[in-house]
Amino acid sequence: MLAISRSPEFAQGKRITQQADVYCFGIILLEIITGKVPGETLGEDMEEATSDLSEWVRMVVYNDWSTDILDMEILAAKEAHDAMLQLTELALECTDMTPENRPKINQVLRKIEEIEQMKGEND
């Protein structure tokens, strides 16, 4: 695992907690959703470029909540956009820099199940 994908508290040498696991899970979700890997340079403007995947997604989302972050294969499946954007929002909650602000893993699971159920109802 690249150092860039480690939770901030782990990178600072603090002990590993369930909240650090939630952070890493959020990074994995972002990797799947975006098709990008932590550590690669992201962003078109070199002054705003970053290698932090969650930071890049936040920047894109806050500037214009759009499908620009979605992997090309997900983008092609138009019916999945809403679910993927909901998962992105969840992943950003998981990668909050403050561990106390991250959801608990059981809350993450419940939210994923809700997204899946809503997606199934809309199909």
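**Helix H5 and the nonpolar core**

In this predicted model, residues 24 or more positions apart make up 52% of the contacts with a separation of 6 or more in the protein. The protein contains six helices and zero strands, and the pattern read along the sequence is α-α-α-α-α-α. Of its 123 residues, 38% count as buried. The protein exposes about 7700 Å², and 51% of that area is supplied by carbon and sulfur atoms.

A good place to begin looking inside is the nonpolar core. In soluble globular proteins, nonpolar side chains tend to be buried together. Here, the largest nonpolar core has 23 residues, and Val-57, Ile-69, Leu-70 and Met-84 are those with the most contacts inside it. At least two residues of this core come from each of helix H2 (18-34), helix H3 (53-63), H5 and helix H6 (105-122). The greatest share is that of H5, which gives eight residues.

Ile-69, named above among the residues with the most contacts inside the core, also shows how separate parts of the sequence are brought into contact. Leaving aside residues up to four places away in sequence, Ile-69 touches Ile-33, Thr-34, Trp-56, Val-57, Val-60, Val-61, Leu-85 and Thr-88.

Helix H5 (residues 81-94) merits a closer look. At 1.5 Å a residue, its 14 residues should span 20 Å, and this agrees with the end C-alpha atoms, which are 20 Å apart. Because 10 of these 14 residues are buried, H5 is largely enclosed by the rest of the structure. The buried residues are His-81, Ala-83, Met-84, Leu-85, Leu-87, Thr-88, Leu-90, Ala-91, Leu-92 and Cys-94. Their cover includes H2, H3, helix H4 (72-76) and H6.

One polar residue of this helix can be followed in more detail. Thr-88 lies in H5 and, since its relative accessibility is 0%, against a cut-off of under 20% for burial, counts as buried. The Thr-88 side chain reaches the backbone oxygen of Met-84 at 2.8 Å. An α-helix has 3.6 residues a turn, so residues three or four places apart point the same way. Both partners are on the list of buried H5 residues, and Met-84 is also one of the residues with the most contacts inside the largest nonpolar core. Thr-88 is in turn among the residues that Ile-69 touches.

Definitions and conventions:
Residues numbered from 1 in each chain as written. Predicted model: local features only at pLDDT ≥ 70, side-chain atom pairs only at ≥ 80, totals over all residues. Heavy atoms only, no water. Helix = DSSP H or I, 4+ residues; strand = E, 2+ residues; numbered from the N terminus. Buried < 20%, exposed > 50% of the residue type's maximum accessible area, 1.4 Å probe, protein only. Polar contact = N/O pair within 3.5 Å; in protein donor to acceptor, adjacent residues only side chain to side chain. Core = buried A, V, L, I, M, F, W, Y, C linked by side-chain atoms within 4.5 Å. Contact = heavy atoms within 4.5 Å. Expected span 1.5 Å × (residues − 1). Areas by Shrake-Rupley, 256 points an atom, 1.4 Å probe, with all protein chains shown as cover.
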